[in-house]
Amino acid sequence: MQPLLEIKNLSVDFIADEITHAVKNISFSVNRGEIVAIVGESGSGKTVTSLSILQLIPAPPVQYSAGEILFSEDGENRLNILQANKKQLQAIRGNKIGMIFQEPMSSLNPVFTCGHQVTEAIRAHKKVSLAKAKQLAIEWFNGVRLPNPHMICDRYPHQLSGGQKQRVMIAMAMCCNPSLLICDEPTTALDVTVQKTILELIKSIQQERNIGVIFITHDLGVVAEIADRAVVMYQGEIVEQNNVQQIFSNPQHPYTKALIACRPVNHKRGEKLPVVADYLQSEKELIFSDNFNADKKADKHLISNTGSGEKILEVKDLSVWFPVKKNLFGKALQHTKAVDDVSFEVYKGETLGLVGESGCGKTTLGRAILRLLEPTAGKIIFNGEDLSAKKSDEIKSIRQQIQIVFQDPYSSLNPRISIGSAIAEPMQVHSLLKTEKERRAAVAELLKKVDLAPAHYNRYPHQFSGGQRQRIVIARALSLNPSFLVCDESVSALDVSIQAQILNLLNDLKKQFGFTIIFISHDLSVVHYLSDRIVVMNRGKIEEMGLADEIYYHPRKEYTRRLIASIPGGKRA
């Protein structure tokens, strides 16, 4: 029997002003009943490979300079997809090969209901009536464990949570019973608990229907949870492929070792995280040594259980409610209690982790502390001043001391302004430094501190990678020399090695500048690595709080235990 899919010596180039070799002479296969993970950082060629299977990249600019993509649904008659005509491709896409894309909100049409979109996919390939197609769509919504399938059928994508949208995408990919399912980063930036349920769902569908799955990810922890075999890609090449057990117990290539090692879950708090560059020199040479952490421990400022230390922030009985129903006179009759009666303290020089699932109120709390959202009740006392009592125009001077690093660096930078001007802008607003020349020199120093070159001053946000943009946003937040930094999911969508670089950078900058951090995330392994204390939030309230090691290794509440159990690859260090 032939494999379900076999890729032989495939090379993919992009032709523009110059030729970019995106994929270089790769070969691997996928059999029925197995999950093959393609793992690597952004730019490794894994998504180009998956899109090539369904011929979803326009030509030009793409050019397949060599190789074959052989698909055989019955194990005998093989079709080379690279030579397939338009009619053959239409018969394969969504019918014999399904695909779940990375971002469900941009993959689902916002003007059609979820039921309509799945029904349309069914009728494109199956000769069934509209009523029958709708019935099948509801059955699939039930199969992917969506609550109230009939109701979901009539809802639009924006009315669903991230996890629910991803389930709709899975239903759409599976509704024609394909033999092969391609999953392109389907859990990136999802909460760890939602991610765990999505992984379990994909695995159960694969086993029930005996299909082949290609699962694309940058996280080897996810690979350990779901895959049978792993294909590791680096700069367009396959550097290693083996069964998952061998990949983790006996990795051969330095790049694979780097991907495994740079995850925070594998390291004790305060240890400097290794990154890919520590493993690779001239691309292939191993330079990493076992004593890497011996003299690179980060300073720890642990706060004792009694809370000794200089208090910099105190949040007292803070609530942020949003009206969801009003009467004719505009009076709120019903509220969503995003933050409900929350109290905690933050001490000078510490990192306080704020963790919980999407919708728990952690981002709302972070923004309320900066008065970017108005609190409904309670007090926010910063350096002895009650921020909640101040008027909007009185907050400006306080903003110089408290800065925020947002989750998505691309949307928080103006695409029309050079990154140098973006970093200098807060200095100008707050009348820091007298001349443009002085501000330019200060920006150059900040760029150096976040490991970027002063020569990048006149470049624009789109000219940088995701990790570089995150460094730019951090530099912008530090331009006013704040004493307090709020980091809102600032590493959640980054590759694991880029994530390690940013976490190391935050630790290093904290030592240099001496600021205090509230670090917001849904990933307890990252929060535990970076934080001195942790506050766990659930449905607007504090579930539990304490020293980082106590919360991580000895959680008292079931909700915290569930967050820890959902960490891909398990609890280590």
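In this predicted model, helix α4 supplies the largest share of the lining of the second largest pocket, namely five residues. The space in that second largest pocket comes to about 490 Å³. Its lining counts 20 residues, and those closest to the centre of the pocket are R93, G94, F101, A121 and M172. At least two lining residues come from each of β6 (97-100), α4 (114-125) and α7 (162-174). Sorted by class, the lining of this pocket holds eleven nonpolar, seven polar and two charged residues.

## Enclosed spaces

Rolling a probe the size of a water molecule over the atoms shows where empty space is left. In this model, two cavities of 30 Å³ or more are counted. The largest cavity is lined by 25 residues, and closest to its centre are Q195, D219, S492, Q499 and D523. Three elements, α8 (192-209), α18 (496-513) and α19 (524-530), give two or more residues to the lining of the largest cavity. The second largest cavity is lined by I369, L370, L387, I395, I398, R399 and I402. The table sets out the volume and the lining classes of each space.

| Space | Volume | Nonpolar lining residues | Polar lining residues | Charged lining residues |
|---|---|---|---|---|
| Second largest pocket | about 490 Å³ | eleven | seven | two |
| Largest cavity | about 330 Å³ | eleven | ten | four |
| Second largest cavity | about 30 Å³ | six | no | one |

## Elements beside the second largest cavity

Two residues in the lining of the second largest cavity, I369 and I402, lead on to the elements that hold them. Helix α13, which spans residues 362-369, is mostly covered, with six of its eight residues buried. The buried residues of α13 are K362, T364, L365, G366, A368 and I369. After α13 comes R371, which has a positive phi, near 60 degrees.

I402 belongs to strand β16 (residues 402-405), where I402 and I404 point to one side and Q403 and V405 to the other. In a regular strand the side chains alternate between the two faces of the sheet. Both faces of β16 are covered, and the four residues named are all buried. Strand β16 pairs in the parallel sense with strand β17 (residues 484-488) over four bridges, and in this pairing I404 stands opposite V486 in β17.

## An antiparallel sheet

Elsewhere in the model, four strands form an open sheet in the order β2-β1-β4-β5, and their pairing is antiparallel. At its edges are β2 (19-30) and β5 (79-80), each of which pairs on one side only. Between them, strand β1 (residues 5-15) and strand β4 (residues 62-71) run antiparallel and are joined by eight bridges. One position in β4 can be named in this register, since K8 stands opposite E68.

## Nonpolar cores

The largest nonpolar core has 112 residues, of which F141, V168, I170, F215, I474 and F519 touch the most other members. Apart from this core lies another, of 32 residues, including V12, V48, I53 and M99. Within the largest core, I170 may serve as an example: not counting residues up to four places away in sequence, I170 touches I100, V144, I198, L201, I202 and I205.

## Two buried residues

Residue I35 lies in strand β3 (residues 35-39). Is I35 buried or exposed? Its relative accessible area is 0%, and I35 is therefore buried, given that buried means under 20%. When neighbours within four places in sequence are left aside, I35 is in contact with K203, Q206, V213, F215, I226, A227, D228 and R229. One of these partners, K203, is 168 residues from I35 in sequence, while the C-alpha atoms of the two are 8.3 Å apart in space. Another partner of I35 is F215, which also appears among the residues that touch the most other members of the largest nonpolar core.

Residue S497 is placed in helix α18, an element that gives two or more residues to the lining of the largest cavity. S497 counts as buried because its relative accessibility is 0%. Which residues does S497 contact, once its neighbours within four places in sequence are left aside? The contacts are with E41, C262, V275 and V276.

Key. Residues are numbered from 1 along each chain as its sequence is written. This is a predicted model: local features need pLDDT of at least 70, side-chain atom pairs count only at pLDDT 80 or more; totals for chains, interfaces and linings use all residues. Side-chain values use heavy atoms; hydrogens and water are left out. Buried means under 20% relative accessible area, exposed over 50%, partly exposed in between (1.4 Å probe, protein chains only). On a 1 Å grid over the protein atoms alone, a cavity is a set of points where a 1.4 Å probe fits but cannot get out, and a pocket is an open set with protein on both sides within 12 Å along at least five of seven lines; lining residues have an atom within 4 Å of a point. Grid points are joined across faces, edges and corners, and a volume is the space filled by probe spheres set on the points. Ala, Val, Leu, Ile, Met, Phe, Trp, Tyr, Cys and Pro count as nonpolar, Asp, Glu, Lys and Arg as charged, and the others, Gly among them, as polar. Contact means heavy atoms within 4.5 Å. A nonpolar core is a set of buried Ala, Val, Leu, Ile, Met, Phe, Trp, Tyr and Cys residues joined through side-chain atoms within 4.5 Å. Two strands pair if DSSP finds at least two bridges between them.
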